[in-house]
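Work through the exercises below with the sequence and the 3D structure at hand. Try each task before reading its solution.

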Amino acid sequence: MISYKLYAVTDRSWLREGETLAGAVRDAILGGATVVQLREKELPEEEFKELALSVKKVCNAYNVTFLINDNVKLAKEVDADGAHIGVNDMTVYMARKILGDNKIVGVTAASVDEAKEAEKAGADYLGSGAIFGSDTKKDASKLSPQVLREICNSVKIPVVTIGGINAYNVSALRSTKIAGVAVASGIFAEKNKTRASRDIIANLYGNPIVHTITNHVTANGVANMIHAFGCSPIMAHNVNEVEEVQEDASALLINLGATDDYNAIRRAYRTAIEEEHIITIDPVGVSGIRYRLNFLMELLEIGRPTCIRGNYSEIMAIYNKDVTGSGLDSSIGNVDIKDITQKLAKELDTIVVASGTIDIVSNGKNVTEIQSGHPLQKKLTGSGCMLSAGICSALSVGAINYCGISNKKLIITSSTCKEIGDAAYIAAEKTLEADKGIYSFQTAWFDELY
């Protein structure tokens with residue numbers, strides 16, 4: 001079944017220097033776009049076809065629905081998943097005749113009568129707007145929320161609304177019965193298309209709550225990172241409240257540096273397993289402290305988390321089920337951390353991230369290497385804890401999106417590692433160029449992420 005939750009409508013005019021449309025589409029998908037519509041009004045046919053094939057290739061790689069606006073014949077030629085037509089472009093009957101019955105046909109409908117007529121003609125979904133005006137269609141008339149509700153109530157097929165939608169105004173649409181939102185400039189005009197897509201999903205469907213039990217040293221940075229990735233943090237550490245808090249949350253982030261709260265962690269973890277919540281464990285110190293390693297093994301007996309994110313030595317200790325040295329950043333010596341990460345992920349049937357100079361991410365079958373970040377991160381207390389928070393939050397937003405991306409959790413986790421690392425690199429370079437210190441770097445880092 002197709003999810004129309006976030007319907008990305010391309011617009012090359014917003015692309016920045018050096019960007020390609022295929023790359024921008026990929027970034028939007030990584031943020032949660034479930035449908036991509038290629039819209040080109042003035043491109044020559046051969047160039048349009050070449051562009052369509054490049055975008056289709058990206059969509060196919062992530063198993064995301066690919067549609068073409070208006071040009072039904074091109075949609076047929078490149079074997080797109082379907083096409084979207086306006087009320088004056090072509091009849092649904094003609095579009096079906098060209099595309100066949102197994103393809104998607106979407107129709108623009110700005111009134112109840114148009115909606116009913118399109119549904120009767122056999123449209124698969126409706127596009128209704130412009131709900132907030134439009135940055136791409138200056139002459140588009142606004143559609144009132146009341147009419148949008150009436151359209152949704154008048155038909156049984158999905159209704160997607162469009163027009164000036166972005167992460168800041170999308171929450172106003174929560175009370176409607178729409179199947180999703182179609183967004184152009186709200187994604188493609190943004191510098192970070194992944195973040196823009198993720199924020200739209202989070203703000204429309206309710207920012208997931210991440211229950212966080214972490215060490216006190218990094219609590220503020222962790223909370224800010226959760227916000228940066230579209231979620232809302234709540235930090236409940238008391239053993240008498242954690243189960244109630246966890247039941248109302250969407251995810252659980254555990255930091256084993258919170259040693260005073262292990263009984264609370266145990267209860268929250270059991271609840272999160274029962275509720276099938278996203279769970280990320282940061283195994284701080286298990287490489288040098290047997291008490292922490294034993295507690296982690298106890299948690300793993302209760303159930304499997306969604307992700308474990310640790311440094312190389314911590315992942316090595318979990319794999320060996322034994323401490324490997326003293327300190328939090330112990331050297332692992334001459335071992336194949338990539339192989340160990342993959343084997344551990346397979347053994348635990350979870351995502352494992354070994355973060356270091358190169359981040360290694362595996363789901364047991366596939367392994368991804370991410371080379372990003374900056375050495376300055378090592379001088380900032382809690383940078384690893386904040387990475388765990390970003391991963392947990394991105395996975396939580398990703399859980400809202402029901403599209404059929406293959407290896408979805410692996411892709412989201414890898415993408416998050418790269419996004420956080422790239423932001424750190426840019427922030428560090430700016431900080432060093434300005435001859436500033438570590439606290440300036442932390443501020444600049446969050447400035448890049450938000």
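The exercises go from the whole chain to single residues.

This is a predicted model, in which local features need pLDDT of at least 70 and side-chain atom pairs count only at pLDDT 80 or more, while totals for chains, interfaces and linings use all residues. Residues are numbered from 1 along each chain as its sequence is written, and side-chain values use heavy atoms, with hydrogens and water left out.

**Exercise 1. The whole chain**

Task: Describe the secondary structure of the protein chain and state how compact the protein chain is.

Solution.
- Step 1. The protein chain has 17 helices and 16 strands. Helices (H or I, at least four residues) and strands (E, at least two) are DSSP runs, numbered from the N terminus.
- Step 2. The radius of gyration of the protein chain is 24 Å, and the globule rule gives 22 Å for 450 residues; the two values are close, so the chain is as compact as a globular protein of that length. The radius is taken over C-alpha atoms, and the rule is 2.2 Å times the number of residues to the power 0.38.
- Step 3. Along the principal axes, the C-alpha atoms fill a box of roughly 70 × 45 × 40 Å.
- Step 4. Of the 450 residues, 56% count as buried. Buried means under 20% relative accessible area, exposed over 50%, and partly exposed in between (1.4 Å probe, protein chains only).
- Step 5. Among contacts with a separation of 6 or more, 66% come from residues 24 or more positions apart. A contact means heavy atoms within 4.5 Å.

**Exercise 2. A loop with Asp70 and Asn71**

Task: Find where Asn71 lies and which side chain Asn71 joins by a polar contact.

Solution.
- Step 1. Asn71 sits in the loop between strand S3 (65–69) and helix H3 (72–77).
- Step 2. Asn71 counts as buried because its relative accessibility is 17%.
- Step 3. Leaving aside neighbours within four places in sequence, Asn71 is in contact with Glu45 and Phe48.
- Step 4. The side chains of Asn71 and Glu45 are joined by a polar contact of 3.3 Å. A polar contact is a pair of N or O atoms within 3.5 Å; within protein, one must be able to donate a hydrogen and the other to accept it, and residues adjacent in sequence count only if both atoms are side-chain atoms.
- Step 5. A polar atom of the Asn71 side chain also lies 2.9 Å from the backbone nitrogen of Leu74.
- Step 6. Asp70 is in the loop between S3 and H3, and Asp70 is partly exposed, with a relative accessible area of 26%.

**Exercise 3. Backbone angles**

Task: Give the phi of Asp70 and of Asn63, and the omega of the bond between Gly129 and Ala130.

Solution.
- Step 1. Most residues other than glycine have a negative phi, and most peptide bonds are trans.
- Step 2. Asp70 is not a glycine, yet its phi is positive, near 70 degrees.
- Step 3. Asn63, also not a glycine, has a positive phi of about 60 degrees. Asn63 is in the loop between helix H2 (45–61) and S3 and counts as partly exposed at 48% relative accessibility.
- Step 4. The peptide bond between Gly129 and Ala130 is cis, with omega about 10 degrees. Ala130 belongs to the loop between strand S6 (125–129) and helix H6 (145–154).

**Exercise 4. Helix H9**

Task: Decide how many residues of helix H9 (residues 219–228) are buried.

Solution.
- Step 1. Seven of the ten residues of H9 are buried, which leaves the helix mostly covered.
- Step 2. The buried residues are Ala219, Gly221, Val222, Ala223, Met225, Ile226 and Ala228.
- Step 3. After H9 comes Gly230, with a positive phi near 85 degrees.

**Exercise 5. Asn255 in a strand**

Task: State whether Asn255 is buried or exposed, and list what Asn255 touches.

Solution.
- Step 1. Asn255 is found in strand S11 (residues 251–255).
- Step 2. With a relative accessible area of 2%, Asn255 is buried.
- Step 3. Not counting residues up to four places away in sequence, Asn255 touches Ile213, Thr214, Asn215, Ile265, Asp282, Val284 and Cys385.
- Step 4. The side chains of Asn255 and Asn215 make a polar contact of 3.1 Å.
- Step 5. Asn255 and Ile265 are ten residues apart along the chain, and their C-alpha atoms are separated by 9.1 Å.
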